[in-house]
Amino acid sequence: MDHIWIWIYCYGRQFRGIPDETNSIEHRIFERFFLKNKVWEFNFEHRYTLEQRFLDFGDSNDVQHRMRYRLQMTLPLTNTFFLNFYDEIFINLQDDAFGQNRLYAALGINVTNNLSVQAGYLKNHFSEAHYDRLQIGVTYNPDLRGVLKKN
């Protein structure tokens, strides 16, 4: 089983169009841990995230914390094509525990060894709203081992 641990900073403007919800600017620091394993032809990835969210609503500020868990399964169909599925739950560590749930299914194409493209459906469920999205994703994973290798 492979595992990876990373820390990330994110900046974003939040607008979901939910009635009576204020738009906000968000600074977010998060820690993320991945576990990967394979069962038969299925590739599984477990992603655990802990987020510290610093929200600016214009007239007020807030600090919120949440946990996220995503279970992703990828099934290679050929060397080129694959199916990708995931479910991700967001748990707030204050107020209402349920934040959102994202359910995703896609068909992907491995363009090269480190470049893939996916087209899929995302169902994003909040307690007050539900969104259906068709989305296209591009993933590029450069091999930096040669660049980072010590001389």
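**Aromatic pairs, a pocket and selected residues**

In this predicted model, the count of aromatic pairs comes to four. One of them can serve as a first stop for a reader new to the structure. Tyr48 and Tyr69 have ring centres 5.1 Å apart and planes at 40 degrees, so the pair is tilted; a tilted pair has planes that are neither under 30 degrees apart nor over 60. Tyr48 belongs to strand S3, which covers residues 42-56, and Tyr69 to strand S4, which covers residues 61-76, so the two rings tie together parts that are 21 residues apart in sequence. Tyr48 is partly exposed, with a relative accessible area of 37%. Tyr69 is partly exposed too, and its value is 25%. A further ring, that of Tyr86, has a charged neighbour: Arg70 lies over the face of Tyr86, at 5.0 Å from the ring centre.

Next comes the largest pocket, whose volume is about 1000 Å³. Its lining is made up of 33 residues, and those that lie nearest the centre of the pocket are Glu45, Gln72, Gln118, Thr139 and Asn141. Many strands take part in this lining: two or more residues each come from S1 (2-14), S2 (24-39), S3, S4, S5 (81-92), S6 (98-112), S7 (115-126) and S8 (130-140). Which strand gives the most to the lining? That is S8, with five residues. Sorted by class, the lining of the largest pocket holds 17 polar residues, eleven nonpolar ones and five charged ones.

Strand S3 deserves a second visit, this time for two of its charged residues. Glu51 lies in this strand, and its relative accessibility of 0% means that Glu51 counts as buried, the limit being under 20%. What does the side chain of Glu51 contact? A polar contact of 2.6 Å joins the side chain of Glu51 to that of Arg68, and another polar contact, at 3.5 Å, links the side chain of Glu51 with the side chain of Arg28. The buried Glu51 is thus found in polar contact with the side chains of two arginines, Arg28 and Arg68. Arg47 also lies in strand S3. With a relative accessible area of 9%, Arg47 is buried. Arg47 and Glu31 stand 16 residues apart in sequence, and the distance in space between their C-alpha atoms is 10 Å.

The backbone offers two further places to look. Most residues other than glycine have a negative phi. Against that background, Trp40 catches the eye: Trp40 is not a glycine, yet it has a positive phi of about 55 degrees. Where does Trp40 lie? Trp40 is found in the loop between S2 and S3, and it is exposed, with a relative accessible area of 74%. Asp95 likewise has a positive phi, near 55 degrees, and is a residue other than glycine. Asp95 lies in the loop between S5 and S6. Is Asp95 buried or exposed? Its relative accessible area of 76% is over 50%, so Asp95 is exposed. Both of these positive phi values thus fall in loops, at Trp40 between S2 and S3 and at Asp95 between S5 and S6.

Notes. Residues are numbered from 1 along each chain as its sequence is written. This is a predicted model: local features need pLDDT of at least 70, side-chain atom pairs count only at pLDDT 80 or more; totals for chains, interfaces and linings use all residues. Side-chain values use heavy atoms; hydrogens and water are left out. Rings of Phe, Tyr and Trp (its six-membered ring) pair if their centres lie within 6.5 Å; planes under 30 degrees apart count as stacked, over 60 as edge-to-face and the rest as tilted. Helices (H or I, at least four residues) and strands (E, at least two) are DSSP runs, numbered from the N terminus. Buried means under 20% relative accessible area, exposed over 50%, partly exposed in between (1.4 Å probe, protein chains only). A charge sits over a ring if NZ of Lys or CZ of Arg is within 6 Å of the ring centre and within 35 degrees of the ring normal. On a 1 Å grid over the protein atoms alone, a cavity is a set of points where a 1.4 Å probe fits but cannot get out, and a pocket is an open set with protein on both sides within 12 Å along at least five of seven lines; lining residues have an atom within 4 Å of a point. Grid points are joined across faces, edges and corners, and a volume is the space filled by probe spheres set on the points. Ala, Val, Leu, Ile, Met, Phe, Trp, Tyr, Cys and Pro count as nonpolar, Asp, Glu, Lys and Arg as charged, and the others, Gly among them, as polar. A polar contact is a pair of N or O atoms within 3.5 Å; within protein, one must be able to donate a hydrogen and the other to accept it, and residues adjacent in sequence count only if both atoms are side-chain atoms.
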